[in-house]
Amino acid sequence: MPGGGWVGTHEDVTNIEAKHEAANERLSLQALIDKLPDNLWVKDINSRFVIANQVTADRIGVASPKDLIGKTDLELLPHEIAQKFYDDEQRIVRTGESLTDMEEIAWGIKQAISTTKVAAAQ
(Lines give C-alpha, C1' and ligand atoms only; values in the text may rest on other atoms or scores of the structure.)
Protein backbone atom coordinates (compact mmCIF):
# COMPACT_ATOMS: atom_id res chain seq x y z
CA MET A 1 0.00 0.00 0.00
CA PRO A 2 1.26 3.49 -0.64
CA GLY A 3 2.76 4.83 2.58
CA GLY A 4 3.02 1.34 4.15
CA GLY A 5 0.63 -1.26 5.44
CA TRP A 6 -0.89 -4.30 3.79
CA VAL A 7 -4.16 -5.90 2.81
CA GLY A 8 -5.15 -9.34 3.97
CA THR A 9 -8.09 -11.50 3.01
CA HIS A 10 -9.55 -14.55 4.63
CA GLU A 11 -11.88 -17.05 3.06
CA ASP A 12 -13.84 -19.74 4.84
CA VAL A 13 -13.05 -22.92 2.88
CA THR A 14 -15.05 -25.28 5.08
CA ASN A 15 -17.69 -25.85 2.38
CA ILE A 16 -15.07 -26.29 -0.33
CA GLU A 17 -13.21 -28.87 1.74
CA ALA A 18 -16.45 -30.70 2.52
CA LYS A 19 -17.29 -30.84 -1.20
CA HIS A 20 -13.82 -32.19 -2.03
CA GLU A 21 -14.14 -34.81 0.71
CA ALA A 22 -17.56 -35.90 -0.58
CA ALA A 23 -16.21 -36.11 -4.15
CA ASN A 24 -13.26 -38.22 -2.96
CA GLU A 25 -15.62 -40.55 -1.08
CA ARG A 26 -17.74 -41.00 -4.21
CA LEU A 27 -14.62 -41.79 -6.26
CA SER A 28 -13.49 -44.32 -3.65
CA LEU A 29 -16.93 -45.94 -3.56
CA GLN A 30 -17.03 -46.10 -7.36
CA ALA A 31 -13.58 -47.69 -7.49
CA LEU A 32 -14.68 -50.29 -4.93
CA ILE A 33 -17.92 -51.27 -6.66
CA ASP A 34 -16.18 -51.38 -10.05
CA LYS A 35 -13.97 -54.18 -8.65
CA LEU A 36 -17.02 -56.41 -8.12
CA PRO A 37 -17.42 -59.13 -10.76
CA ASP A 38 -21.25 -58.97 -10.62
CA ASN A 39 -23.81 -56.30 -11.38
CA LEU A 40 -24.39 -53.78 -8.64
CA TRP A 41 -26.66 -50.77 -8.83
CA VAL A 42 -28.84 -48.55 -6.70
CA LYS A 43 -31.94 -46.84 -8.02
CA ASP A 44 -34.23 -44.18 -6.57
CA ILE A 45 -37.99 -44.58 -6.07
CA ASN A 46 -38.55 -43.58 -9.70
CA SER A 47 -36.30 -46.45 -10.89
CA ARG A 48 -33.53 -44.07 -11.96
CA PHE A 49 -29.94 -45.22 -11.53
CA VAL A 50 -28.17 -43.47 -8.66
CA ILE A 51 -25.11 -45.76 -8.49
CA ALA A 52 -23.93 -48.47 -10.88
CA ASN A 53 -20.75 -50.41 -11.43
CA GLN A 54 -18.78 -50.97 -14.63
CA VAL A 55 -20.11 -54.53 -15.06
CA THR A 56 -23.65 -53.13 -15.19
CA ALA A 57 -22.62 -50.44 -17.68
CA ASP A 58 -20.92 -53.05 -19.88
CA ARG A 59 -23.93 -55.39 -19.83
CA ILE A 60 -26.36 -52.60 -20.66
CA GLY A 61 -24.04 -51.45 -23.44
CA VAL A 62 -22.82 -48.04 -22.31
CA ALA A 63 -19.23 -46.92 -21.82
CA SER A 64 -19.35 -45.92 -18.18
CA PRO A 65 -21.54 -46.08 -15.07
CA LYS A 66 -21.85 -42.29 -15.44
CA ASP A 67 -23.88 -42.94 -18.60
CA LEU A 68 -26.53 -44.71 -16.49
CA ILE A 69 -26.93 -42.15 -13.71
CA GLY A 70 -30.33 -40.45 -13.79
CA LYS A 71 -31.74 -42.82 -16.41
CA THR A 72 -34.22 -45.66 -16.17
CA ASP A 73 -34.09 -49.02 -17.89
CA LEU A 74 -36.93 -47.72 -20.09
CA GLU A 75 -34.44 -45.25 -21.61
CA LEU A 76 -31.68 -47.83 -22.04
CA LEU A 77 -33.10 -51.24 -22.87
CA PRO A 78 -35.63 -52.88 -25.18
CA HIS A 79 -39.15 -52.10 -23.96
CA GLU A 80 -40.18 -55.64 -22.97
CA ILE A 81 -37.15 -56.19 -20.73
CA ALA A 82 -37.19 -52.65 -19.35
CA GLN A 83 -40.89 -52.77 -18.50
CA LYS A 84 -40.45 -55.99 -16.51
CA PHE A 85 -37.58 -54.46 -14.51
CA TYR A 86 -39.58 -51.27 -13.93
CA ASP A 87 -42.68 -53.19 -12.82
CA ASP A 88 -40.63 -55.32 -10.38
CA GLU A 89 -38.95 -52.24 -8.91
CA GLN A 90 -42.16 -50.29 -8.54
CA ARG A 91 -43.80 -53.26 -6.80
CA ILE A 92 -40.92 -53.19 -4.31
CA VAL A 93 -41.39 -49.43 -3.82
CA ARG A 94 -45.15 -49.89 -3.23
CA THR A 95 -45.00 -52.93 -0.97
CA GLY A 96 -41.53 -52.81 0.59
CA GLU A 97 -41.26 -56.54 -0.11
CA SER A 98 -37.97 -57.81 -1.55
CA LEU A 99 -37.56 -60.04 -4.58
CA THR A 100 -34.91 -62.56 -3.60
CA ASP A 101 -32.96 -65.04 -5.71
CA MET A 102 -35.26 -64.85 -8.71
CA GLU A 103 -33.91 -66.21 -11.96
CA GLU A 104 -34.27 -63.99 -14.97
CA ILE A 105 -32.72 -63.34 -18.35
CA ALA A 106 -31.30 -59.85 -18.26
CA TRP A 107 -29.71 -57.47 -20.76
CA GLY A 108 -29.52 -60.07 -23.46
CA ILE A 109 -27.40 -62.42 -21.36
CA LYS A 110 -28.41 -65.90 -22.49
CA GLN A 111 -27.98 -67.65 -19.15
CA ALA A 112 -30.34 -67.13 -16.25
CA ILE A 113 -28.99 -64.89 -13.53
CA SER A 114 -29.99 -64.79 -9.89
CA THR A 115 -31.28 -61.36 -8.95
CA THR A 116 -32.10 -59.86 -5.57
CA LYS A 117 -33.89 -56.53 -5.34
CA VAL A 118 -34.63 -54.93 -1.99
CA ALA A 119 -36.13 -51.71 -0.72
CA ALA A 120 -33.82 -49.46 1.29
CA ALA A 121 -34.61 -49.03 4.96
CA GLN A 122 -36.83 -46.03 5.53
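Lysine 43 is buried in this predicted model, with a relative accessible area of 18%. The residue counts as buried because this value falls under the 20% cut-off. Lysine 43 belongs to strand S1, which covers residues 41-43.

Two acidic side chains make polar contacts with the side chain of lysine 43. One is that of aspartate 73, at 2.5 Å; the other is that of glutamate 89, at 2.7 Å. Lysine 43 also lies over the face of phenylalanine 49, with 4.5 Å to the ring centre. When residues up to four places away in sequence are left aside, the residues touched by lysine 43 are Arg48, Phe49, Val50, Asp73 and Glu89. Both polar partners, Asp73 and Glu89, thus appear in this set, as does Phe49. Aromatic pairs, by contrast, number zero in the structure.

Glutamate 89, the partner of lysine 43 at 2.7 Å, is one of the buried residues of helix H4. The others in this helix are Ala82, Phe85, Asp88, Gln90 and Ile92. Helix H4 runs through residues 79-95 and contains 17 residues. From its first C-alpha to its last, H4 reaches 24 Å, close to the 24 Å expected at 1.5 Å a residue. Glycine 96 follows H4 and has a positive phi, near 75 degrees.

A second position considered here is arginine 59, located in helix H2 (residues 54-60). Its relative accessibility is 33%, and arginine 59 is therefore classed as partly exposed, a class that spans the range between the 20% limit for buried residues and the 50% limit for exposed ones. The C-alpha atom of arginine 59 is separated by 8.5 Å from that of asparagine 39, and the two residues are 20 positions apart along the chain.

Regarding the protein as a whole, four helices and four strands are present. Their order along the sequence is α-β-β-α-α-α-β-β. Of the 122 residues in the protein, 26% are buried, lysine 43 being among the buried residues. The accessible surface comes to about 8900 Å², and carbon and sulfur atoms account for 55% of this area. Among contacts with a separation of 6 or more, 25% involve residues 24 or more positions apart.

Definitions and conventions:
Residues numbered from 1 in each chain as written. Predicted model: local features only at pLDDT ≥ 70, side-chain atom pairs only at ≥ 80, totals over all residues. Heavy atoms only, no water. Helix = DSSP H or I, 4+ residues; strand = E, 2+ residues; numbered from the N terminus. Buried < 20%, exposed > 50% of the residue type's maximum accessible area, 1.4 Å probe, protein only. Contact = heavy atoms within 4.5 Å. Areas by Shrake-Rupley, 256 points an atom, 1.4 Å probe, with all protein chains shown as cover. Polar contact = N/O pair within 3.5 Å; in protein donor to acceptor, adjacent residues only side chain to side chain. Expected span 1.5 Å × (residues − 1). Phe/Tyr/Trp six-rings, centres within 6.5 Å; stacked < 30°, edge-to-face > 60°. Lys NZ or Arg CZ within 6 Å of the ring centre and 35° of its normal.
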